[in-house]
Each structure stands twice: as structure tokens, then as C-alpha cells.
Amino acid sequence: MKIQTLEIGFISTNCYVVSDDNGISAIIDCDGNPQPLFRYIAENNLKPTHILLTHGHFDHIGAVDAVKEKYGCLVCGGKKEQRMLTDPATNCSLYSGNPISITPDIWLEEGDTIEVGDLKFSVMLTPGHTEGSLCFLLEDNIFSGDTLFQGSCGRTDLPTGDWGEIMRSLKRLRDLPGDYTVYPGHGPATTLETERHSNPYM
């Protein structure tokens with residue numbers, strides 16, 4: 001398994017490409033100009049089949065349509081994130097000059113599993129940053145979207161955000177057994193054990 005981080009989009013969103021040993025890949029979140037993503041996929045002869053969305057804010061979904069059109073990927077998003085994904089006013093894209101509405105091919109709920117080649121992602125519902133935010137767990141890795149950052153957490157002052165909910169979601173992550181590498185929606189990777197000891201919100 002290989003995890004590649006591509007920082008794209010005008011507010012530096014982390015796009016992750018996760019590949020099995022045969023090159024079958026999942027793309028986690030994608031915004032902005034997708035050309036760096038396309039180059040990486042071509043240079044490594046990868047075969048992306050799924051786009052997994054941690055949440056529906058415009059800076060995480062801006063390139064979804066272009067990527068889906070190029071590769072024919074299945075788009076997977078949270079069932080409780082439907083309003084955010086489909087409504088440009090709610091996902092804030094209306095105010096960026098490029099209204100975005102995404103309808104996933106697969107609606108995900110707590111406890112679902114997505115198989116991408118030899119990779120098996122588990123879905124964890126972590127509301128708070130948005131009402132339907134998801135984390136994806138893969139072996140000892142967590143793709144946390146904008147729920148958990150190094151030393152911080154996602155904002156809750158945008159539509160559907162809720163401070164009490166994100167605090168509960170962070171405690172659920174804190175209480176997972178063992179340690180994980182955490183790949184957030186923005187900023188550097190960290191570990192769950194580091195955040196347990198140093199993050200003031202956990």
C-alpha cells in the first residue's frame with residue numbers, strides 16, 4: 001500500500017491517493033486544478049476507481065467532476081452530508097464564483113466498508129465540522145478530513161457546523177484502541193497518540 005499526499009486547491013487542501021500493490025487506487029478529497037493529480041496517476045500507472053469524500057465543503061470537492069469524468073470513478077459521500085454536497089450555498093461554493101453540486105454514486109453511513117482493490121476502508125461518522133463529516137480508517141491510518149488536525153480541529157462556524165458535535169467526534173477518535181497515523185484535510189500528518197497527549201481539544 002502507498003499513500004501519496006498532494007496539496008492542491010487555493011487553500012491548500014490535502015488530496016490523498018491511496019494505492020494497493022496492483023495500482024488500484026482511491027482518491028480522498030480533491031479540489032482545485034487536478035493536473036498535479038493527473039500527472040501523479042499517469043507517472044505511477046495507477047488505476048483510480050473511487051473518490052472518497054470526507055465532507056462537502058467546496059475546497060474538498062472542487063475537482064470531483066473533472067476527476068470522475070477522466071477516470072470513471074465512483075464518488076462516495078456521507079448520507080448525512082447530502083445537503084452540504086448538493087447545495088452550493090451550504091457548501092460555500094456559491095460565494096467562490098463556481099457553484100458546485102455533487103451527487104455521490106454511493107451514500108455512506110457509519111460502519112460501512114468500501115473495498116478498493118486490496119484496500120478496505122471503514123467509515124466512521126464524525127459530525128461537527130459539518131453535519132455529515134466522515135473519517136476513513138484503513139489499517140493503522142485515519143483520513144480525518146477537517147475533523148482532526150495536528151494540534152487543532154475543524155471550525156464549526158460555517159453551515160451545519162456544531163461545536164458540541166465535533167467535541168464528541170474527537171473523543172470517539174481519541175478513544176479508538178491503539179495508535180494511527182492521521183492524515184488531515186489540511187496541514188501535516190500526525191499520530192493519534194501525539195494528539196491524545198498534545199491536542200487541547202481531545
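**Entry 1. The cavity**

I looked up the largest cavity in this predicted model and found a volume of about 30 Å³. I recorded one cavity of 30 Å³ or more in the structure. Its lining consists of Asn14, Tyr16, Ile28, Asp29, Thr54, Phe143, Ser144, Gly145, Tyr183, Pro184 and Gly185. I sorted this lining by class and obtained five nonpolar, five polar and one charged residues.

I then asked which strands each supply at least two residues of the lining. They are β2 (13–19), β10 and β13 (181–184). Strand β10 gives the largest share, three residues.

**Entry 2. Ser144, from the cavity lining**

Ser144 is one of the lining residues of the largest cavity, and I located Ser144 in strand β10. Is Ser144 buried or exposed? I noted a relative accessible area of 0%, so Ser144 is buried. Setting aside residues up to four places away in sequence, I listed its contacts as Leu134, Cys135, Val182, Tyr183 and Pro184. Among these, Tyr183 and Pro184 also appear in the lining of the largest cavity.

**Entry 3. Phe149**

I turned next to Phe149, which I placed in strand β11. Its relative accessible area is 16%; because buried means under 20%, Phe149 counts as buried. I excluded neighbours within four places in sequence and found Phe149 in contact with Gly154, Pro184, Gly185, His186, Glu195 and Asn199. Pro184 thus occurs among the contacts of Phe149 and among those of Ser144. For Asn199, I noted that it stands 50 residues from Phe149 along the chain, with 8.8 Å between the two C-alpha atoms.

**Entry 4. The pocket**

I examined the largest pocket and recorded a volume of about 180 Å³. Which of its lining residues lie nearest its centre? Out of 13 lining residues, they are Ile11, Asp59, Asp146, Arg155 and Leu158. By class I found five nonpolar, five polar and three charged residues in this lining.

**Entry 5. Helix α5**

I checked the length of helix α5, which covers residues 163–174. At 1.5 Å a residue, its 12 residues should span 16 Å, and I found the end C-alpha atoms 16 Å apart, which agrees.

I then listed the buried residues of α5: Ile166, Met167, Ser169, Leu170 and Leu173. Viewed down the helix axis, they fall within an arc of 165°, so they line one face of α5. I kept in mind that an α-helix has 3.6 residues a turn, so residues three or four places apart point the same way. What covers the buried residues of α5? I noted that the cover includes the strands β8 (119–125), β9 (134–138), β10 (141–145), β11 (148–149) and β12 (152–153), together with helix α6 (192–198). Strand β10, which holds Ser144, and strand β11, which holds Phe149, are therefore both part of this cover.

**Entry 6. Positive phi values**

I searched the backbone with the rule in mind that most residues other than glycine have a negative phi. Ser12, although not a glycine, has a positive phi of about 55°. I located Ser12 in the loop between β1 (2–8) and β2, and its relative accessibility of 32% makes it partly exposed.

Glu139 is another non-glycine residue with a positive phi, near 55°. I found Glu139 in the loop between β9 and β10. At 60% relative accessibility, I entered Glu139 as exposed.

Methods:
Residues numbered from 1 in each chain as written. Predicted model: local features only at pLDDT ≥ 70, side-chain atom pairs only at ≥ 80, totals over all residues. Heavy atoms only, no water. 1 Å grid on protein atoms, 1.4 Å probe; cavity = no way out; pocket = protein on both sides within 12 Å on 5 of 7 lines; lining within 4 Å. Points joined across faces, edges and corners; volume = space filled by probe spheres on them. Nonpolar A, V, L, I, M, F, W, Y, C, P; charged D, E, K, R; others polar. Helix = DSSP H or I, 4+ residues; strand = E, 2+ residues; numbered from the N terminus. Expected span 1.5 Å × (residues − 1). Buried < 20%, exposed > 50% of the residue type's maximum accessible area, 1.4 Å probe, protein only. Arc of directions from axis to C-beta. Contact = heavy atoms within 4.5 Å.
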